[in-house]
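Here is a quick tour of how this chain packs together, written for someone who likes to check contacts in a viewer. Have the model open and follow along.

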Amino acid sequence: MTLQELSQLTYLKKEIEINQKQLEEIEQTIEKRMGYLSNVLNFSVLKVNDEIMQEMMICKLLIEQRYKKSIYAYKKLNQFISRIEDSMLRQVVMLRFIQGLSWVQVALHLGGGNSADGVRMMVKRYLKKYGNL
């Protein structure tokens, strides 16, 4: 595991939220269109709406695929974090990479005279020693 891979946690979390919102919006639109289609008798309108529905379904499938990939990657990185034995280091990693705090915010959260550089180096040393697990 590298620092860059851990940094992906914050972005994956945001991506999952975005994908969830996109899926909800598409599902709501599909539901509205289905209600509209059930009330329309004009064949040409039905054909156009059918094409739109197909495009929306393709969009939905693509978003679902991205969503599943993001969740898988997020789970993999969380499993790596759960294997960190040192509680303080685990907290540092969770605060930085899951909650997305800056190194300064992580150090302030921990207190005890920890500095931003100190907590950052703690993570770098751990990853250098155990990152390839």
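Leu-6 has a relative accessible area of 0%, so it counts as buried. Bear in mind that this is a predicted model. Leu-6 sits in helix α1. Setting aside residues up to four places away in sequence, Leu-6 touches Met-1, Leu-77, Phe-80, Ile-81, Val-93, Phe-97 and Leu-127. One of those partners, Val-93, is 87 residues away along the chain, yet the two C-alpha atoms are 8.3 Å apart.

Val-93 has a contact list of its own: leaving out neighbours within four places in sequence, it is in contact with Leu-6, Ile-81, Ile-84, Ile-98 and Val-123.

**The nonpolar cores**

Which residues touch the most other members of the largest nonpolar core? They are Leu-6, Leu-9, Val-93 and Val-123, in a core of 25 residues. Two or more residues of this core come from each of α1 (3-39), α2, α3 (87-98), α4 and α5. There is also a second, separate core of six residues, with Leu-23, Ile-26, Met-53 and Met-56 among them.

**The chain as a whole**

Zooming out, the protein chain has five helices and zero strands, so to speak an α-α-α-α-α pattern when read along the sequence. Of its 133 residues, 29% count as buried. If you take contacts between residues at least 6 apart in sequence, 64% of them join residues at least 24 apart.

**Helices against α5**

Two packed helices are described by the angle between their axes and the distance between the axes. Here are the two contacts that involve α5:

| Helices | Axes come within | Crossing angle |
|---|---|---|
| α4 and α5 | 8 Å | roughly 100 degrees |
| α3 and α5 | 10 Å | roughly 105 degrees |

Angles of 65 to 115 degrees count as roughly perpendicular, and α4 and α5 are therefore roughly perpendicular to each other. The α4 side of this contact brings in Trp-103, Val-104, Val-106, Ala-107 and Leu-110, which meet Ala-116, Val-119, Arg-120 and Val-123 in α5. By class, that makes eight nonpolar residues, no polar ones and one charged.

The α3 and α5 pair is likewise roughly perpendicular. From α3 come Met-88, Leu-89, Val-92, Val-93 and Phe-97, and they meet Val-119, Met-122, Val-123 and Tyr-126 in α5. What classes do the residues of the contact of α3 with α5 fall into? Nine are nonpolar, with no polar and no charged residues.

Ala-107 is worth a click as well. It lies in helix α4 (residues 103-110) and, at 5% relative accessibility, counts as buried. Not counting residues up to four places away in sequence, Ala-107 touches Asn-114, Ser-115, Ala-116 and Val-119. Its C-alpha atom is 8.0 Å from that of Gly-118, 11 residues apart along the chain.

**Aromatic rings**

A pair of aromatic rings is described by the distance of the centres and the angle of the planes. With ring centres within 6.5 Å as the cut-off, the count comes to three aromatic pairs. In one of them, the rings of Phe-80 and Tyr-126 have centres 6.3 Å apart and planes at 65 degrees, so the pair is edge-to-face. It links distant parts of the chain: Phe-80 belongs to helix α2 (residues 43-82) and Tyr-126 to helix α5 (residues 116-130), 46 residues apart. Are these two residues buried or exposed? Both Phe-80 and Tyr-126 are buried.

Phe-97 and Trp-103 make another edge-to-face pair, at 5.9 Å centre to centre with 85 degrees between the planes. Phe-97 counts as buried at 2% relative accessibility, and Trp-103 is buried too, with a relative accessible area of 14%. Back at the α5 end of things, Phe-80, Tyr-126 and Tyr-130 form one aromatic cluster.

**A buried serine**

Last stop: Ser-70, found in helix α2. Its relative accessible area is 2%, so Ser-70 is buried. Apart from neighbours within four places in sequence, Ser-70 is in contact with Leu-12, Glu-15, Ile-16 and Asn-19.

Technical notes: Residues numbered from 1 in each chain as written. Predicted model: local features only at pLDDT ≥ 70, side-chain atom pairs only at ≥ 80, totals over all residues. Heavy atoms only, no water. Phe/Tyr/Trp six-rings, centres within 6.5 Å; stacked < 30°, edge-to-face > 60°. Helix = DSSP H or I, 4+ residues; strand = E, 2+ residues; numbered from the N terminus. Buried < 20%, exposed > 50% of the residue type's maximum accessible area, 1.4 Å probe, protein only. Contact = heavy atoms within 4.5 Å. Core = buried A, V, L, I, M, F, W, Y, C linked by side-chain atoms within 4.5 Å. Axes fitted to C-alpha atoms, helices over the stretch in contact; angles between N-to-C directions. Parallel < 35°, antiparallel > 145°, perpendicular 65-115°, else oblique. Nonpolar A, V, L, I, M, F, W, Y, C, P; charged D, E, K, R; others polar.
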